[in-house]
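Colleague: I've just opened this one and I don't know where to look. Could you walk me through how to read it?

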Amino acid sequence: MRYLSYILILSIAAFAADPPEQAKRGKELFGLKSAAGYACTTCHQLEDQGTAVGPDLKTMGRLHPRAVVMGIVATRTQYVQELKPAKSGTIPVIKSGEIYFDLSKNPPTEVTVTAAELKAARDNADWKHPAESRGLTREQLADLIAYIRFATFGDTKGVDPKDLQ
Ligand code: HEC
């Protein structure tokens, strides 16, 4: 019994530990605005920062780091839709909970979607992550993913940039 509570205390201590350096850098990068005014936190929420417009990154946190990179640089998306408003053109939107967000705005804003527009919606063909999210160096991506892994399951091993190739 004493042995068990020792293990319990140890594992709680491990999870509550401060993030290691790499995850700390990743956390900072996660909230850092680019010249164009975008940060990951503009559209994602992790721990205590950000807005949950885009998907919850914790659902990907345990995947191989390369899969997470694919999620950032991918040009084919899973969740974004294109709506055709009656006026003209299309707007990229994403549904988060019961709310639709207009991704052409920075930061994305809530939009009211009519049944007709929804009918005209199709899979997104144009929306991608902002250019600067896709242009990160391998070291920056490794830092960000180390942070996502730390926030998801307390990982302290970090991510080797070489594993992202
Ligand atoms: C302008 C909003 C926006 C910004 C800024 C943004 N994202 Fe995203 N992100 C999204 C949307 C929308 C999706 C869903 C794309 C889709 O339909 O597959 C997404 C998807 C992802 C995915 C894949 C998640 C999954 O479950 O498939 C990852 C990983 C990700 N983003 C990481 C990041 C990181 C890291 C940053 C900062 C460098 C970032 N994003 C910046 C909007 C954004």
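Modeller: Let's start with the pocket. The lining of the largest pocket divides into 24 nonpolar, 9 polar and 4 charged residues. Keep in mind that this is a predicted model.

Colleague: How does one find a pocket in the first place, and what volume does the largest pocket have here?

Modeller: The general idea is simple: rolling a probe the size of a water molecule over the atoms shows where empty space is left. In this case the largest pocket has a volume of about 820 Å³. Of the 37 residues lining it, His44, Leu57, Gly71, Ile72 and His129 are the closest to its centre.

Colleague: Which helix gives the largest share of the lining of the largest pocket?

Modeller: That would be H4, with 4 residues. At least two lining residues each come from H2, H3, H4, helix H6 (131-134) and H7.

Colleague: Let me step back a little. How many helices and strands does the protein chain have?

Modeller: There are 7 helices and 7 strands. Read from the N terminus, the order is α-α-α-β-β-α-β-β-β-β-α-β-α-α. The C-alpha atoms fill a box of roughly 70 × 35 × 25 Å along the principal axes. Of the 165 residues in the chain, 35% are buried.

Colleague: Now a single helix. Which residues of helix H2 are buried?

Modeller: Here's the general idea to begin with: an α-helix has 3.6 residues a turn, so residues three or four places apart point the same way. Now the case here. In helix H2 (residues 21-30), the buried residues are Gln22, Ala23, Gly26, Leu29 and Phe30. Looking down the axis of H2, you find these buried residues within an arc of 120°, so they line one face of the helix. The face turned away from that buried side carries the exposed residues Glu21 and Glu28.

Colleague: And what do the buried residues of H2 pack against?

Modeller: They pack against helix H3 (40-43), strand S1 (45-46), strand S2 (49-50) and helix H7 (138-153).

Colleague: Let me try the same reading on H4. Which of its residues are buried?

Modeller: Pro65, Val68, Val69 and Ile72 are the buried residues of H4. They cover an arc of only 100° around the axis, which puts them on the same side of H4. H6 and H7 are included in what covers them.

Colleague: Next, the core. Which residues of the largest nonpolar core touch the most other members?

Modeller: The core has 17 residues, and Phe30, Leu46, Ile145, Val159 and Leu164 touch the most other members. H2, helix H4 (65-73) and H7 each supply at least two of its residues. H7 gives the most, with 8 residues. Apart from this core lies another one, of 7 residues, including Cys43, Val80, Ile94 and Trp127.

Colleague: If I click on Leu164, which residues is Leu164 in contact with?

Modeller: Leaving aside neighbours within four places in sequence, Leu164 is in contact with Pro65, Arg66, Val69, Arg138, Leu141, Ala142, Ile145 and Val159.

Colleague: What about Arg149: buried or exposed?

Modeller: Use the cut-off here: buried means under 20% relative accessible area. Arg149 has 16% relative accessibility, so Arg149 counts as buried. Arg149 lies in helix H7. Not counting residues up to four places away in sequence, Arg149 touches Gly61, Leu63, Pro65, Gly154, Asp155 and Val159.

Colleague: How do I read distance along the chain against distance in space? Take Leu136 and Ile72: how many residues apart are they?

Modeller: Leu136 and Ile72 are 64 residues apart in sequence, and their C-alpha atoms are 9.7 Å apart in space. Leu136 sits in the loop between H6 and H7, and with a relative accessible area of 22% Leu136 is partly exposed. For the chain overall, residues 24 or more positions apart account for 55% of the contacts with a separation of 6 or more.

Colleague: Last one, the backbone. Which two residues does a cis peptide bond join?

Modeller: A cis peptide bond joins Asn106 and Pro107, with omega about -5°. Pro107 is in the loop between strand S5 (99-102) and strand S6 (109-111). Have a look at Glu47 as well: its phi is near 50°, a positive value in a residue other than glycine. Glu47 lies in the loop between S1 and S2, and Glu47 is partly exposed, with a relative accessible area of 39%.

Technical notes:
Residues numbered from 1 in each chain as written. Predicted model: local features only at pLDDT ≥ 70, side-chain atom pairs only at ≥ 80, totals over all residues. Heavy atoms only, no water. Buried < 20%, exposed > 50% of the residue type's maximum accessible area, 1.4 Å probe, protein only. Arc of directions from axis to C-beta. Contact = heavy atoms within 4.5 Å. Core = buried A, V, L, I, M, F, W, Y, C linked by side-chain atoms within 4.5 Å. 1 Å grid on protein atoms, 1.4 Å probe; cavity = no way out; pocket = protein on both sides within 12 Å on 5 of 7 lines; lining within 4 Å. Points joined across faces, edges and corners; volume = space filled by probe spheres on them. Nonpolar A, V, L, I, M, F, W, Y, C, P; charged D, E, K, R; others polar.
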